[in-house]
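Grab a pencil and open the structure viewer. Below are some short exercises, each with a worked solution to check yourself against.

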Amino acid sequence: MKRPAGLRRPVLEAVSQDEDLLVLRRPRTGRTAYRSAKRCLDVAVAASALVLLSPVLGVAALLVRRSSPGPVLFRQTRVGLGGQPFTMLKFRTMVDGCSDELHRDYVQRLLDADQPAPEPPGTVYKLDNDPRLTSVGRVLRRTSIDELPQLVNVLRGDMSLVGPRPVLPWEAALLGKEYGPRFDVPAGMTGLWQTSGRSRLTMRQALDLDLEYARRCDLLLDLALLARTVPALLRPGDAE
């Protein structure tokens, strides 16, 4: 698989004139200590969460198994650190074997129109009224329980707890060169855009927040975003 274009760091620039979005800064150097601390945090939290949430994971797996024919886990290729592909895990929320044409069209329209995702409720990246969803899948998505298997990806080192959303290969191909720096850090389960409005953002604003995280990331920011994630998930319409 080809590495997404534009992975070189651009010069200092502004994200947007929108006062709600932060201004990008030049990337910092000498991040070895931060990366080590971030990895330790990822392993400790992901391992603990998998143990504590094992009853929830077990019930969710059973419900998915009974909801419709197909595997419990949905495996999908995503693009992460350095533009490298990895297999991301989720609980299956759709009918097995369905086409992704509807989602592709949705993402393309959001990128072209630069409008917020439709409400209610809608999200930046997912169609809530997607006819491919199972009844159990709708609940798992609204509660973000479908994302919990990604804790295994965090333990493997494919992802981090905090970082830019791991995009699909065809989504990466649609992004301009200005979004290359988002691949300079590991993809995450949560991040700036997930805690900054989600469905109220345009897709471009969400991507800009991914860029902002890539420029500003440090351990204090990671801890702050983790602390803000649970309230963001509990806000109606904000769960992806």
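**Exercise 1.** Find the salt bridge between Asp146 and Lys90, and work out where each partner sits.

*Solution.* Step one: look at the two side chains, which meet in a salt bridge at 3.4 Å, N to O. This is a predicted model, so read that distance as a computed one. Step two: place the partners. Asp146 is in the loop between α4 and α5, while Lys90 belongs to strand β2, so the pair ties together parts 56 residues apart in sequence. Step three: check the cover. Asp146 has 0% relative accessibility, so it counts as buried. Lys90 comes in at 7%, so it counts as buried too.

**Exercise 2.** Do the job again for Arg182 and Asp210: where do they lie, and are they buried or exposed?

*Solution.* Start with the contact: their side chains meet in a salt bridge of 2.5 Å, N to O. Next, the location: Arg182 is in the loop between α6 (169–174) and β4 (188–190), and Asp210 is in helix α7, so parts 28 residues apart in sequence get tied together. Finally, the cut-off for buried is under 20%. Arg182 is at 2% relative accessibility, so it counts as buried. Asp210, at 1%, counts as buried as well. One extra to look for: salt bridges with shared partners join Lys90, Asp146 and Glu147 into one network.

**Exercise 3.** Track down the partner of Asp222 in a salt bridge.

*Solution.* The partner is Lys38, with the closest N and O atoms 2.9 Å apart. Asp222 is in helix α8 and Lys38 in helix α1, so you're linking distant parts of the chain, 184 residues apart. Both residues are buried. In total, the structure holds six salt bridges.

**Exercise 4.** Is Leu220 buried or exposed?

*Solution.* First, find Leu220 in helix α8, residues 219–234. Then compare numbers: exposed means over 50%, and Leu220 has 69% relative accessibility, so it counts as exposed. Together with Leu219 and Leu223, Leu220 makes a nonpolar surface patch of about 280 Å².

**Exercise 5.** How many residues does the largest nonpolar core have?

*Solution.* The count is 30, and Val64, Phe91 and Leu151 are among those with the most contacts inside it. Now zoom in on Leu151: leaving out residues up to four places away in sequence, it touches Ala46, Ala49, Leu50, Leu53, Leu161 and Met189. A second, separate core has 12 residues, including Val79 and Trp170.

Methods:
Residues are numbered from 1 along each chain as its sequence is written. This is a predicted model: local features need pLDDT of at least 70, side-chain atom pairs count only at pLDDT 80 or more; totals for chains, interfaces and linings use all residues. Side-chain values use heavy atoms; hydrogens and water are left out. Patches are made of residues with over 30% relative accessible area and no salt bridge: like charges are joined within 9 Å, nonpolar side chains (Val, Leu, Ile, Met, Phe, Trp, Tyr) within 5 Å. Accessible areas come from the Shrake-Rupley method with a 1.4 Å probe; for residues, only the protein chains shown count as cover. A salt bridge is a side-chain nitrogen of Lys or Arg within 4 Å of a carboxyl oxygen of Asp or Glu. Helices (H or I, at least four residues) and strands (E, at least two) are DSSP runs, numbered from the N terminus. Buried means under 20% relative accessible area, exposed over 50%, partly exposed in between (1.4 Å probe, protein chains only). A nonpolar core is a set of buried Ala, Val, Leu, Ile, Met, Phe, Trp, Tyr and Cys residues joined through side-chain atoms within 4.5 Å. Contact means heavy atoms within 4.5 Å.
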